[in-house]
Amino acid sequence: MEKVNSSSTDEQSSDAKRCVEQVPIDSSTPTTSVAQNLSRNKWRILRDAIIKASKVAKNAHESLHLEDDVRRFRSFGLVISTKLEHGTEIVLSNIFTSSFHSYNELVIDFDAHGQPLSIQDEFLKQKTISGWWHRHLVSSVPSFSADVFHMSSIVTFEDMLGFNNTGNVCVWPSEEVLAHWLLTNGDFHQSHRVCEIGGGMASLAGLAVALHYKVQEVVLTDGNTTSVSCINATILKNQPCFQAASVTARRLDWSHPLHYEDLHQRFDTIICADCCFFDDYHNDLLKVLRTITAPKGEVIVICPERSATRKLFMERAKDFFEISEMDALTFHLETLHMKQLEYNPAYDADIHFPKASQLKLKQ
């Protein structure tokens with residue numbers, strides 16, 4: 001893997017110096033012309049340096065991506081995913097004008113004043129997302145079947161500039177484990193309101209609740225606009241099969257209170273899979289959870305330790321929540337965990353073995 005080191009930086013500085021020295025200056029050369037030549041030469045050096053750095057970054061990214069693709073632990077095998085077709089595209093304008101949902105249920109973003117963006121926006125009319133439909137099945141729950149839109153692995157520059165894009169990469173093991181746990185051990189009544197926070201493009205755990213339980217409402221959220229578009233496509237695809245009375249998706253950026261102020265104390269159960277790894281966002285996430293959890297509601301947080309980020313989140317959460325470890329879920333996974341440790345060299349408990357906690361607001 002190529003690296004940019006101090007010697008290459010020194011070389012670039014020397015080149016820049018030589019370029020400046022090569023500009024002829026005499027009494028007949030106008031001052032403005034000299035300045036322009038200096039400026040052009042400096043920008044040329046800068047351009048060349050940027051191009052070189054971009055190539056190095058690209059090579060490094062491709063090497064890491066290849067290594068990650070070969071070695072990454074993908075699944076505990078609790079939820080089986082099968083690709084249904086070679087490829088397709090979803091068109092945002094089609095999703096937003098569908099008769100299955102009202103406009104208010106399909107807000108994906110807000111303007112600077114907190115107002116929903118218009119679905120007539122040219123961007124929404126023209127934007128498409130490439131990907132595949134996958135059917136997700138659980139062998140121990142034969143009645144469960146979910147068709148989920150997975151966007152392609154190609155990530156655009158626009159995607160990289162947007163809100164956290166990790167939810168568009170894959171269905172992470174924590175999400176898989178939580179979905180399976182809710183299907184086999186969930187306890188929901190008809191008046192229940194359920195919300196998934198940071199569900200990514202699949203929001204599989206929340207989708208499992210919507211398809212399997214006769215609850216009042218399921219709201220699937222993510223902070224990434226593309227993820228929410230994928231979720232909306234999935235909602236439309238599974239609409240005839242929902243047991244929940246209402247299933248909607250919305251963009252929820254934890255750092256923007258306008259995205260969730262209308263959800264004050266709304267949900268009886270909030271589920272949150274693998275959302276603790278960015279410790280800079282812990283306080284924002286906790287503020288969201290404190291705001292939207294009903295007074296007697298619960299929050300289920302599941303994630304791996306991941307370099308102590310889980311521990312740090314729980315320490316911060318103690319100021320607002322009573323926390324209890326969900327040992328039954330951990331035990332439920334223990335056999336699979338031990339098998340991975342023994343036979344899979346790519347398996348790393350610190351980043352792959354999820355642990356679950358139940359949080360309840362302090363009274």
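**Figure 1. Seven aromatic pairs occur in this predicted model.** Rings of Phe, Tyr and Trp (its six-membered ring) pair if their centres lie within 6.5 Å, with planes under 30 degrees apart counted as stacked, over 60 as edge-to-face and the rest as tilted. This close-up picks out Phe 73 and Tyr 347, an edge-to-face pair because the ring centres are 5.0 Å apart and the planes stand at 75 degrees. Phe 73 sits in the loop between helix 2 (31-71) and strand 1 (80-83), and Tyr 347 in the loop between helix 11 and helix 12 (349-352), so the pair ties together parts that are 274 residues apart in sequence. Helices (H or I, at least four residues) and strands (E, at least two) are DSSP runs, numbered from the N terminus. Phe 73 and Tyr 347 are both buried, where buried means under 20% relative accessible area, exposed over 50% and partly exposed in between (1.4 Å probe, protein chains only). Look for Phe 76 too: with Phe 73 and Tyr 347, it forms one aromatic cluster.

A word on how to read these views: residues are numbered from 1 along each chain as its sequence is written, and side-chain values use heavy atoms, leaving out hydrogens and water. As the model is predicted, local features need pLDDT of at least 70 and side-chain atom pairs count only at pLDDT 80 or more, while totals for chains, interfaces and linings use all residues.

**Figure 2. Lys 83 and Arg 290 each lie over the face of an aromatic ring.** Lys 83 is placed over Trp 132, at 4.4 Å from the ring centre. Arg 290 takes up its position over Phe 320, at 4.0 Å from the ring centre. A charge sits over a ring if NZ of Lys or CZ of Arg is within 6 Å of the ring centre and within 35 degrees of the ring normal.

**Figure 3. Helix 6 (residues 173-185) crosses helix 11 (residues 327-343) at roughly 110 degrees.** Their axes come within 11 Å. Helix 6 is therefore roughly perpendicular to helix 11. On the helix 6 side you will find Val 177, His 180, Trp 181 and Thr 184, which meet Ala 328, Leu 329, His 332 and Leu 333 of helix 11; contact means heavy atoms within 4.5 Å. Five of the residues in this contact are nonpolar, three are polar and none is charged.

**Figure 4. Helix 7 (residues 204-212) is largely enclosed by the rest of the structure, because eight of its nine residues are buried.** Those buried residues are Leu 204, Ala 205, Gly 206, Leu 207, Ala 208, Val 209, Ala 210 and Leu 211. For the wider setting, buried residues make up 45% of the chain's 363 residues, and its secondary structure comes to 12 helices and 11 strands.

**Figure 5. Asp 274 has a positive phi of about 55 degrees although it is not a glycine.** This residue belongs to the loop between strand 8 (267-273) and helix 9 (282-292). Asp 274 counts as buried, at 9% relative accessibility. Ser 307, another non-glycine residue, also has a positive phi of about 55 degrees. Ser 307 is in the loop between strand 9 (293-303) and helix 10 (309-317), and is exposed, with a relative accessible area of 63%.

**Figure 6. Leu 312, in helix 10, touches Asp 279 and His 282, not counting residues up to four places away in sequence.** The C-alpha atoms of Leu 312 and Asp 279 are separated by 7.7 Å, with their positions 33 residues apart along the chain. Leu 312 is partly exposed, at a relative accessible area of 30%.

Methods: Axes fitted to C-alpha atoms, helices over the stretch in contact; angles between N-to-C directions. Parallel < 35°, antiparallel > 145°, perpendicular 65-115°, else oblique. Nonpolar A, V, L, I, M, F, W, Y, C, P; charged D, E, K, R; others polar.
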